[in-house]
Amino acid sequence: MRSRIPIPTPMPTDPSAGLPTSGSATPAADGVSTGFDLRHHGDAEVRGADADLTDLAVNVRAGTPPDWLKARIADSLDGLAAYPDGRTAREAVAARHGLPVGRVLLTAGAAEAFVLLARAIPAQRPVVVHPQFTEPEAALRDAGHTVERVILDERNGFRLAPDAVPEDADLVVIGNPTNPTSVLHPADALAGLARPGRTLVVDEAFMDAVPGERESLADRTDVPGLVVLRSLTKTWGLAGLRIGYVLAEPDTVTALERVQPLWPVSSPALTAAEACCAPPALAEAARAADRTAADRAHLADRLAQLAEVRVCGPAAGPFLLIQLPGAVAIRTRLRELGFAVRRGDTFPGLGPDWLRLAVRDRATTDRFVIALAKVIAESDA
């Protein structure tokens, strides 16, 4: 039977600022009833009749998948009569990170990995560090866990405080770089969260968009209880194919595999995993990460020209988090002008004045900033 998740108690506050104190953890109630729709994601902004909007809501790299990858996937269709065999793809992922094959589990996107962890890890005090991707908490709650939230302080740029996580938390989930804040936490700070008896889950879904993948823990085998999640859907434009993987100790991989359905990853997705882990693909991803960093800097510079806009930074992911008064109405008006952006009020720790913007090419950014300036001027009039 699913355990009842209590209504959260008030978080301790800093009297001088009236804001939650970084590092406090509270039980999380139902996501919708507490004002956070944990199941809302960026793709909801560009569905159906809204598909023609210029998309700054979804963090999938534009212009993907590349032609060579589409060709590899298309070639795999001739083998669809056979059941998927993930051995070659698993070996490719292991080689890409310099790890034994027994430390790799392929999944139908990183989102499936959160469900597997929620079902397989017998956590008594799971903690999710917010603001971050909301699916980990949703999966834990669906599996009957009472989830506690650690809300990072916006006054500190949403950066991890050394004492943020309760000492007796036995499952900790944090993103790096974090969606939606684009914060890149130091690898040593995250590794320092490891404890005997604790499972430390680091969501690195956007790490391949960080030049040099600095601060990654993917190849670390010296951190006890570490679980690193990776996605191939963002950089390579494979959100519709669903492919990701888990890197963890062999016993953890075995436990996750036991609750995974048979043949969870399709043959085309396995082909994509193998292809994206090959040296030419890694070189292409590195070049794309450099371009994204330059395009993100351009977006930040243009936004800095608007006095009403506060950009959260320094940013490391392929997106920026911004704060501006009246963001709800501004977001609606931007849609009328042809632009979709991601609302921020579904992320615990944020509110209605926050928006997330995917990094796009400079021409798209310039068009967007002109539209945003127009909307802000209208609202000020």
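Student: Why is Cys276 called buried?

Tutor: In this predicted model, Cys276 has 3% relative accessibility. Buried means under 20%, so Cys276 counts as buried.

Student: What makes Cys312 buried or exposed?

Tutor: The value for Cys312 is 5% relative accessibility. With the cut-off for buried at under 20%, Cys312 therefore counts as buried.

Student: How do you know whether Cys276 has a disulfide partner?

Tutor: Good one! A disulfide is a covalent bond between the sulfur atoms of two cysteines. The pair of sulfur atoms has to be within 2.5 Å. For Cys276 the closest cysteine sulfur belongs to Cys277 and is 7.0 Å away, so it is too far for a bond.

Student: How many disulfides does the rule give?

Tutor: The count comes to zero disulfides.

Student: Let's turn to Thr199. Why is Thr199 called buried?

Tutor: Its relative accessible area is 14%, and buried means under 20%, so Thr199 is buried. Thr199 lies in strand β9, residues 199–203. Leaving out residues up to four places away in sequence, Thr199 touches Ile121, Asp170, Leu171, Val172, Gly225 and Val227.

Student: Now the helices. What makes α9 roughly parallel to α11?

Tutor: The axes of α9 (residues 279–303) and α11 (residues 362–380) come within 10 Å and cross at roughly 20 degrees. Angles under 35 degrees count as roughly parallel, so α9 is roughly parallel to α11. The crossing is right-handed.

Student: Which residues of α9 make the contact with α11?

Tutor: On α9 they are Ala294, Asp295, His298, Leu299, Arg302 and Leu303. Their counterparts on α11 are Arg362, Thr365, Asp366, Val369, Ile370 and Leu372. By class, this contact has six nonpolar, two polar and four charged residues.

Notes. Residues are numbered from 1 along each chain as its sequence is written. This is a predicted model: local features need pLDDT of at least 70, side-chain atom pairs count only at pLDDT 80 or more; totals for chains, interfaces and linings use all residues. Side-chain values use heavy atoms; hydrogens and water are left out. Axes are lines fitted to C-alpha atoms, for helices over the stretch in contact, and angles run from 0 to 180 degrees between N-to-C directions. Helices (H or I, at least four residues) and strands (E, at least two) are DSSP runs, numbered from the N terminus. Angles under 35 degrees count as roughly parallel, over 145 as roughly antiparallel, 65 to 115 as roughly perpendicular and the rest as oblique. A crossing is left-handed if the near helix is turned anticlockwise from the far one by less than a right angle, and right-handed if clockwise. Contact means heavy atoms within 4.5 Å. Ala, Val, Leu, Ile, Met, Phe, Trp, Tyr, Cys and Pro count as nonpolar, Asp, Glu, Lys and Arg as charged, and the others, Gly among them, as polar. Buried means under 20% relative accessible area, exposed over 50%, partly exposed in between (1.4 Å probe, protein chains only).
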